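Open the model in your viewer and keep the selection tool at hand. We will go stop by stop.

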Amino acid sequence: MFAHLTCELLSIAEDPALVIGPDLTFTYLNEPAKHEFAKLGLLGRGLADAPIGKDWEAIRHVCEQSRGIGPGRRFETCIPLLENWYEVRAVGVQGHHVLLLSDITGQRRASRDELTPPAASTLLKTIIDSAPDLIFVKDMAGRFILVNRALRDVSPDLLGRTVHDIYDADLAAVYDAADRSVIESGRPCTVEEIIPVHGEQRVFQTIKVPWIVGSDMRGVIGISRDMTERHNAEARVRESEERYRLAARATKDAIWDWDLIRDEITWNEAIEHLAGERPDQTGDWWKSRIAPADRDRVLGSIGRFIRQEISTWQCEYEFRHADGSYHAVFDRGFLVRDAHGVPVRMIGAMSDLSEPMKAQRRVMQLQSELIHVSRVSAMGTIASALAHEINQPLASAGNYVAGARRLLLGDDPNDLHEAREALALAASEVSRSGEIVRRIRRMVAHGETQVQPVPLKELIDDALALALPNPALSGVRVDLGPRHGVARGDAVQLQQVLVNLMRNAVEAMEDTDDRVLRLATSGDDASVRIDVRDTGCGIPSERVATVFTAFGSSKIGGLGVGLTICRTIVEAHGGQIWVEQTDDSGTCVALRLPSHRGDATP
């Protein structure tokens, strides 16, 4: 009774209707369902066997949950085989399930379709007007028929006009040529154009495409993007790269860029001169050319540099040339990290120190020779005084020896004691002469610099003996102040400085009645100071600043070399020399030298 009545009712329904029995088998399809689902062959098949989409699992769920006649349940599902969507109303009746289906495929597709023409037009206009790029449409005659807000702000009153009506002839010809090319070829093109914007010429990249409706060419559609800032940035980058390239070619330094991730090093051309061959880009090439004795130290310093985040790395080491020789190089670089702080690159430069070191050795040799010549010259200047000093003790020694000889030839036994005393005095005078000669030999010796502790008392006494062997004869009174402390340096070179300063002081007092040469020292743990003061005429104020420069003598007829050599020697010892005070009452020249950190010798 139920099946017959239900089928009668469903047969008059216009929409497809299906009945599923308690065993979930399709037991009835009305005519619209048979027509709609003829391809599926549902009648007599189980719900699980039907070739329908996964959404039909919802039907099974509904069927299992429906008990008795109750309110209907609705849902939407798709049958992929038919490519249709249905709204399904499910009703449970005495263990059977009645499914009433309504085809909603058209509605679903309509919801996906474009908006209605008026709404789509409004949306499109909004999108175009909100774009920062310049957007335009031209007809076949080149007239603007659509422009967006950005283009209207740049060039108002474009609509209905051509580029020839608005822009200079040269610019208009360029714009028009690109439009003609698009229209004639029917293909898009991308060009760079100069477009005036508020009186400024700016660079735009314009994409132009043909405007085609159906098969009819209607004109050109264009989008222009302002590329001025990008062009300026690229120009600055190119200029910077060109400066870097020229600087890299001009310098003799081997500039390198080390990719730490791939362990690859890019070099400039200078590396070929330094290495004697074209390098490959592997890090191993560079590492293999570090001298074996230096390799661990160099690579270890780089590892510490990366770990400790020091600003720059630098190292000196021996680098192997292709001919097997080693060059001293000075290498330095800095680190580049990525956004996460991971080291990714090192960039730096390697300098060949061979030529500078050779030049430095030559300068030191010439300096040494100049100092030696200065010492010999100084000895020539004081030769007469030294000759007198040597002659006097030798003459005395001769007299003592002659007297002793006469006493020894006599018969008086008491004369033997006097002869011994005479010979002792003769030996003392000979020893005095020998000491003067030794001082001269040390002064003019051309040997290697010997850095050692130099007691100031001995230094001053020896220099005084050379510069002023007979103060009384020279009419100079020597005032020796405290002479404590020990300097560190070469005793002969420092003695030369003091001899030069003392001689200058004596010469400055030639026209002075009261001739006093004062020598004193002072100091601390770090340095010692020696003051040489005279009572001469002083140094003219305009020459004080130049007395220690070459040819800057304060003496009439002086070459200005002596004090220059003094400054060279003192500065080579890590010290300073300067004029402490000068006026018509005299001059004080002071020099400061590194102190020997040991016990001071009084």
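## The whole chain

Start with everything selected: of the 602 residues of the protein chain, 38% count as buried. This is a predicted model. Show the cartoon. The secondary structure of the chain comes to 19 helices and 22 strands. Now think about contacts between residues at least 6 apart in sequence: 51% of them join residues at least 24 apart.

Next, colour by pLDDT. The chain averages 79, and 78% of the residues score at least 70. Select residues 66-70. Here the pLDDT is below 50, and the stretch has eight contacts in the model beyond near neighbours in sequence. Then select residues 556-560. Their pLDDT also stays under 50. For this stretch the model has eight contacts beyond four places in sequence. Where pLDDT is low, the predicted coordinates should not be read in detail.

## The largest nonpolar core

Which residues touch the most other members of the largest nonpolar core? Select Leu498, Leu501, Met502, Leu517, Ile530, Ile577 and Leu591. The core has 37 residues. Now show the elements that give two or more residues to this core: helices H16 (456-467), H18 (491-508) and H19 (562-572), with strands E19 (516-523), E20 (527-533), E21 (576-583) and E22 (586-594). In soluble globular proteins, nonpolar side chains tend to be buried together.

Zoom in on leucine 517. This residue is found in strand E19. Is leucine 517 buried or exposed? It is buried, because its relative accessible area is 0%, and buried means under 20%. Set aside residues up to four places away in sequence. Leucine 517 then touches Leu464, Val476, Arg477, Val478, Asp479, Met502, Ala505, Met509, Val532 and Arg533. Add proline 471 to the selection. Leucine 517 and proline 471 are 46 residues apart along the chain, with 9.8 Å between their C-alpha atoms.

Move to isoleucine 577. Leave aside its neighbours within four places in sequence. Isoleucine 577 is in contact with Leu501, Phe548, Cys566, Arg567, Val570, Val589, Ala590 and Leu591. Apart from this core lies another, of 22 residues. Select some of its members, including Trp258, Trp267, Trp313 and Val329.

## Two cavities

Turn on a cavity display if your viewer has one. How many cavities of 30 Å³ or more are there? The count comes to two.

The largest cavity has a volume of about 140 Å³. To see its lining, select Leu134, Phe136, Lys138, Phe144, Leu151, Val163, Tyr167, Tyr175, Glu193, Ile195, Lys208 and Ser224. Strands E6 (134-139) and E8 (189-197) are the elements that give two or more residues to this lining. The largest share, three residues, comes from E6. Colour the lining by residue type. You should find eight nonpolar residues, one polar and three charged.

The second largest cavity has a volume of about 60 Å³. Select its lining: Trp256, Trp258, Ile265, Trp267, Trp286, Ile302, Trp313 and Asp331. Strands E11 (254-259) and E12 (264-267) each supply at least two of these residues. This lining divides into seven nonpolar residues, no polar and one charged. Trp258, Trp267 and Trp313 line this cavity, and they are also among the members of the core of 22 residues.

## Two loops and a helix

Stay with E11 and E12. Select aspartate 263, in the loop between these strands. Aspartate 263 is not a glycine, yet it has a positive phi of about 55 degrees. Its relative accessible area is 25%, so it counts as partly exposed.

Now go to the loop between E8 and strand E9 (200-213), the place of histidine 198. Histidine 198 has a positive phi of about 50 degrees, although it is not a glycine. Is histidine 198 buried or exposed? At 68% relative accessibility, histidine 198 counts as exposed, because exposed means over 50%.

For the last stop, select lysine 125 in helix H5 (residues 117-130). Lysine 125 is exposed, with a relative accessible area of 51%. Add arginine 149 and draw a distance between the two C-alpha atoms. Lysine 125 and arginine 149 are 24 residues apart in sequence and 9.8 Å apart in space.

Note on methods. Residues are numbered from 1 along each chain as its sequence is written. This is a predicted model: local features need pLDDT of at least 70, side-chain atom pairs count only at pLDDT 80 or more; totals for chains, interfaces and linings use all residues. Side-chain values use heavy atoms; hydrogens and water are left out. A nonpolar core is a set of buried Ala, Val, Leu, Ile, Met, Phe, Trp, Tyr and Cys residues joined through side-chain atoms within 4.5 Å. Buried means under 20% relative accessible area, exposed over 50%, partly exposed in between (1.4 Å probe, protein chains only). Helices (H or I, at least four residues) and strands (E, at least two) are DSSP runs, numbered from the N terminus. Contact means heavy atoms within 4.5 Å. pLDDT is the predictor's confidence in each residue, from 0 to 100. On a 1 Å grid over the protein atoms alone, a cavity is a set of points where a 1.4 Å probe fits but cannot get out, and a pocket is an open set with protein on both sides within 12 Å along at least five of seven lines; lining residues have an atom within 4 Å of a point. Grid points are joined across faces, edges and corners, and a volume is the space filled by probe spheres set on the points. Ala, Val, Leu, Ile, Met, Phe, Trp, Tyr, Cys and Pro count as nonpolar, Asp, Glu, Lys and Arg as charged, and the others, Gly among them, as polar.
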